[in-house]
Amino acid sequence: MIDTVIFDVGGTILDESHEFAAWADWLGVPRHTFSAVFGAVIARGLDYQETFRVFRPDFDLTLELERRAAAGKPESFAEEDLYPDARGCLESLKDQGLVVGLAGNQPAHAEATLRDLDLPVDVIGTSHGWGVAKPSPAFFERVVAAGGGVASSILYVGDRPDNDVRPALEAGMETCLIRRGPWGHILDPSTVAERCLFRIDSLDELPSLVAKHNAAGG
């Protein structure tokens, strides 16, 4: 039985298109060029920050975030950056009596911003707040603890086979891979995807899948 559903943030409930475009503008790079390089970096299995270093070899994320904030262009997101299917999915799962949460690699400002969105969730965890980031096993230990302590009763939903699905499976959780965003489309190793309990293209699909799974006794 699934008692708890925990969602990744960026690329899963949060559309990062606005922020990718903002970074392209900040670096003075055409947006389509930035997107193409971003895709190539992901396809090669590199850290996403290597995208920035293609255009600025000495790029330091912490420093650039400070510079953006000082220039009045901080990294941010708001209600309009949520995927259209996100809030409804969270509400539907809560209506089933499930514990629902968010846990992803997010910077310092993100946890407060997520709370300000007043999403129907019981748990919000971030890599900055927890002091550990995906795909570290320690991050998923925190997910299990936040989700009630029984890994097998937790479904972790994410868009990345490498950072979300694989380590969640290794932690003993059930998983759902959503195919959207750059990682969800470019990275799709069958050895990982085939082990998912669910594989979806929209969060609209998830509540009924969870309900049917639980009705069948897990």
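Me: Quick note to self: helices here are DSSP runs of H or I, at least four residues long, numbered from the N terminus. So, in this predicted model, which helix gives the largest share of the lining of the largest pocket?

Reply: That's H1, with four residues. Keep in mind that the whole structure is a predicted model.

Me: Which other helices supply at least two residues of that lining?

Reply: Helix H2 (31–43), helix H4 (61–70), helix H7 (127–130) and H9 each do, along with H1, which spans 17–27.

Me: And how many residues line the pocket in total?

Reply: The lining has 40 residues, and those nearest the pocket's centre are Glu16, Tyr48, Asn105, Gln106 and Pro107. The volume comes to about 1,000 Å³.

Me: You mentioned H9. Is it largely enclosed or not, and why?

Reply: Helix H9 covers residues 161–170, and seven of its 10 residues are buried, so the rest of the structure largely encloses it. The buried ones are Pro161, Asn163, Asp164, Val165, Pro167, Ala168 and Leu169.

Me: What do those buried residues pack against?

Reply: Their partners are helix H8 (137–146), helix H10 (181–186) and helix H11 (190–193), plus the strands S4 and S5. After H9 comes Gly172, which has a positive phi near 95 degrees.

Me: Switching to strands: what order do they take in the sheet?

Reply: It's an open sheet of six strands with parallel pairing, and the order is S3-S2-S1-S4-S5-S6. S3 (123–126) and S6 are at the edges with a single partner strand each, so each has one side without a neighbour in the sheet. Neighbouring strands are turned by 20 degrees against each other on average, ignoring direction.

Me: How many bridges hold S2 and S3 together?

Reply: Four, in the parallel sense. Within that region, Gly104 stands opposite Thr126 of S3.

Me: What about S4 and S5?

Reply: They run parallel too, joined by four bridges. Val157 has Cys176 in S5 as its bridge partner. S5 has five residues and four of them are buried, so this strand is largely enclosed by the rest of the structure.

Me: Which strands does H8 lie across?

Reply: H8 lies across S1, S2, S3 and S4, and runs at about 130 degrees to S4. H12 lies across S1, S4, S5 and S6, at about 165 degrees to S6.

Me: Now the inside. Which residues of the largest nonpolar core touch the most other members?

Reply: Phe7, Ile13 and Leu206 do, in a core of 30 residues. Several elements supply at least two residues each, including strand S1 (4–7), strand S2 (99–104), helix H6 (110–116) and helix H12 (206–215). The largest share is four residues, from H5.

Me: What does Ile13 touch?

Reply: Leaving out residues up to four places away in sequence, Ile13 touches Phe7, Asp8, Asp81, Leu82, Tyr83, Ala86, Leu102, Leu119 and Leu203. Apart from the largest core there is another one, of 13 residues, with Ala103, Trp130, Ile154 and Met173 among them.

Me: Last one: is Asn214 buried or exposed?

Reply: Asn214, which lies in helix H12, has a relative accessible area of 14%. Buried means under 20%, so Asn214 counts as buried. Beyond residues up to four places away in sequence, Asn214 touches Met1, Ile2 and Leu98.

Methods: Residues are numbered from 1 along each chain as its sequence is written. This is a predicted model: local features need pLDDT of at least 70, side-chain atom pairs count only at pLDDT 80 or more; totals for chains, interfaces and linings use all residues. Side-chain values use heavy atoms; hydrogens and water are left out. A nonpolar core is a set of buried Ala, Val, Leu, Ile, Met, Phe, Trp, Tyr and Cys residues joined through side-chain atoms within 4.5 Å. Buried means under 20% relative accessible area, exposed over 50%, partly exposed in between (1.4 Å probe, protein chains only). Contact means heavy atoms within 4.5 Å. Two strands pair if DSSP finds at least two bridges between them. Axes are lines fitted to C-alpha atoms, for helices over the stretch in contact, and angles run from 0 to 180 degrees between N-to-C directions. On a 1 Å grid over the protein atoms alone, a cavity is a set of points where a 1.4 Å probe fits but cannot get out, and a pocket is an open set with protein on both sides within 12 Å along at least five of seven lines; lining residues have an atom within 4 Å of a point. Grid points are joined across faces, edges and corners, and a volume is the space filled by probe spheres set on the points.
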